[in-house]
Each structure stands twice: as structure tokens, then as C-alpha cells.
Amino acid sequence: KRALIAYAAENGGYPKGSWDALAPQYLTPPAADPWGTPYAYASDGRIFELRSAGPDKAMNTEDDEVERN
């Protein structure tokens with residue numbers, strides 16, 4: 001989330017679609033959650049959603065952890 005905030009401050013918005021624009025200046029890939037699963041990212045440039053699959057390592061299940069701005 002810190003990398004997204006830093007990017008937005010310098011570029012006037014969040015990277016659209018993928019977060020490839022964050023590397024290498026803001027984020028060194030791969031970005032994985034505490035369970036080793038890559039984070040899912042979506043943005044239209046104004047808002048973002050950052051999703052962790054959670055302990056079950058499956059996206060879009062009850063234990064997902066989600067950050068939105």
C-alpha cells in the first residue's frame with residue numbers, strides 16, 4: 001500500500017490495470033502476501049483494490065484481506 005501511495009503522490013493517480021509501473025522505483029517484485037501468494041491489484045487510476053488471498057491461498061474467499069482507498 002505504501003508503494004501505491006508514493007506512486008500516486010508523484011504521478012497524480014494510481015497505476016491503471018496492473019501495478020507493473022511500481023517496479024523497480026516503488027516496489028521490488030514479486031509482491032507476495034504473508035502466505036506467499038501474489039497480491040491481486042486492480043485500479044482505474046483514481047481508486048485501487050489490493051487483495052491478499054489470505055491463509056487459504058485462494059482468491060475471492062471469505063478470508064481474503066482487502067485494502068481499498
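## A tour from Trp19 through the ring pairs, salt bridges and largest pocket

Begin by selecting Trp19, which is buried because its relative accessible area is 18%, below the 20% limit for that class. The model on display is a predicted one.

**Stop 1: the partner of Trp19.** Keep Trp19 on screen and add Tyr39. Tyr39 is partly exposed, at a relative accessible area of 28%. The ring centres of Trp19 and Tyr39 stand 6.4 Å apart and their planes meet at 80°, so this pair is classed as edge-to-face. Both Trp19 and Tyr39 belong to the loop between helix 1 and strand 1, with their positions 20 residues apart in the chain. Now add Tyr41: ring pairs connect Trp19, Tyr39 and Tyr41 into a cluster.

**Stop 2: a second ring pair.** The whole structure contains 4 aromatic pairs. For another of these, select Tyr14 and Phe48, an edge-to-face pair with 4.8 Å from centre to centre and 65° between the planes. Tyr14 sits in the loop between helix 1 and strand 1 (40–43), whereas Phe48 is in strand 2, so the contact ties together parts 34 residues apart in sequence. Are these two rings buried or exposed? Tyr14 and Phe48 are both buried.

**Stop 3: charged pairs.** Side chains of opposite charge can pair when their charged atoms come close. How many salt bridges does the structure hold? There are 5 salt bridges in the structure.

Select Asp64 and Arg51, which form a salt bridge whose closest N and O atoms are 3.0 Å apart. Asp64 lies in the loop between strand 2 (48–52) and strand 3, and Arg51 lies in strand 2, so the bridge ties together parts 13 residues apart in sequence. Both Asp64 and Arg51 are buried. Extend the selection to Glu49 and Arg68: salt bridges with shared partners join Glu49, Arg51, Asp64 and Arg68 into one network.

Turn next to Glu67 and Lys1, whose side chains meet in a salt bridge at 3.0 Å, N to O. This pair links distant parts of the chain, with Glu67 in strand 3 (residues 65–68) and Lys1 in the segment before helix 1 (2–11), 66 residues apart. Glu67 is partly exposed, with 36% relative accessible area, and Lys1 is also partly exposed, at 46%.

Then select Arg46 and Asp44, where the salt bridge spans 3.5 Å, N to O. Arg46 counts as exposed because its relative accessible area is 62%, over the 50% cut-off. Asp44 is partly exposed, at 37%.

**Stop 4: the largest pocket.** Finally, display the pocket surface. The largest pocket holds about 260 Å³ of space. Which residues lie nearest its centre? They are Lys1, Arg2, Trp19, Tyr39 and Leu50, out of 15 lining residues. Helix 1, strand 2 and strand 3 are the elements that each give two or more residues to this lining. By class, the lining comprises 9 nonpolar, 1 polar and 5 charged residues.

Several earlier selections meet here. Trp19 and Tyr39, the edge-to-face pair of the opening stop, are among the residues nearest the pocket centre. Lys1, the salt-bridge partner of Glu67, is also one of the residues nearest that centre. With Lys1, Trp19 and Tyr39 selected together, the tour returns to its starting point, the buried Trp19.

Definitions and conventions
Residues numbered from 1 in each chain as written. Predicted model: local features only at pLDDT ≥ 70, side-chain atom pairs only at ≥ 80, totals over all residues. Heavy atoms only, no water. Salt bridge = Lys/Arg side-chain N within 4 Å of Asp/Glu carboxyl O. Helix = DSSP H or I, 4+ residues; strand = E, 2+ residues; numbered from the N terminus. Buried < 20%, exposed > 50% of the residue type's maximum accessible area, 1.4 Å probe, protein only. Phe/Tyr/Trp six-rings, centres within 6.5 Å; stacked < 30°, edge-to-face > 60°. 1 Å grid on protein atoms, 1.4 Å probe; cavity = no way out; pocket = protein on both sides within 12 Å on 5 of 7 lines; lining within 4 Å. Points joined across faces, edges and corners; volume = space filled by probe spheres on them. Nonpolar A, V, L, I, M, F, W, Y, C, P; charged D, E, K, R; others polar.
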